[in-house]
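Here are some short exercises to work through with the model open beside you. Try each task on your own before reading its solution.

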Amino acid sequence: MAAVRFLQWNAHSISNKLEFKQHVSVCNYDVICIQETWLKETKSYNSAGYEMVRHDRPSLEHGGGVATFVR
């Protein structure tokens, strides 16, 4: 049985993190859990090869939000 690879990260805004996408493309994680995404309902975000489930903080508040990516 193969091991499942996880990543947990407090992003402090995922929108401007190019190094995140580069790291994920190299390390081949199965599940990625991100806190502090800072995404709003109107902002789309894609990571190739992953399905994403996210919960954004209401648009009137700054920061927050979580996302889980599953391969």
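**Exercise 1. Find how β2 and β4 run relative to each other, parallel or antiparallel, and how many bridges join them.**

Solution. Begin with the strands, which are DSSP runs of E with at least two residues, while helices are runs of H or I with at least four residues, both numbered from the N terminus. Two strands pair if DSSP finds at least two bridges between them. β2 and β4 run antiparallel and are joined by five bridges. On this side, Gln 35 has Val 66 in β4 as its bridge partner.

This is a predicted model, in which local features need pLDDT of at least 70 and side-chain atom pairs count only at pLDDT 80 or more, whereas totals for chains, interfaces and linings use all residues. Residues are numbered from 1 along each chain as its sequence is written, and side-chain values use heavy atoms, with hydrogens and water left out.

**Exercise 2. Work out in which sense β3 pairs with β4, and how many residues of β3 are buried.**

Solution. Pairing comes first: β3 and β4 are antiparallel over five bridges. Next, look at two positions: His 55 has Val 66 as its bridge partner in β4, and Met 52 stands opposite Phe 69 of that strand. For burial, use relative accessible area: buried is under 20%, exposed is over 50%, and partly exposed is in between (1.4 Å probe, protein chains only). By this test β3 is hardly covered, with zero buried residues among its five.

**Exercise 3. Sort the side chains of β4 by face, then follow Phe 69 into the core.**

Solution. In a regular strand the side chains alternate between the two faces of the sheet. In β4, Ala 67 and Phe 69 point to one face and are buried, while Val 66, Thr 68 and Val 70 point to the other and are not. Now turn to the largest nonpolar core, meaning a set of buried Ala, Val, Leu, Ile, Met, Phe, Trp, Tyr and Cys residues joined through side-chain atoms within 4.5 Å. This core has 13 residues, of which Ile 14, Phe 20, Ile 32, Ile 34 and Phe 69 touch the most other members. At least two of its residues come from each of α1 (18-27), β2 (31-35) and β4 (66-70). Taking contact as heavy atoms within 4.5 Å, and not counting residues up to four places away in sequence, Phe 69 touches residues including Tyr 45, Tyr 50 and Met 52.

**Exercise 4. Compare Ser 13 and Glu 36: which is buried and which partly exposed?**

Solution. Ser 13 lies in the loop between β1 (6-10) and α1, and counts as buried because its relative accessibility is 11%. Glu 36, in the loop between β2 and β3 (51-55), is partly exposed at 27%. Ser 13 is in contact with Glu 36. Neither is a glycine, yet phi is positive in Ser 13, about 95°, and in Glu 36, near 55°.
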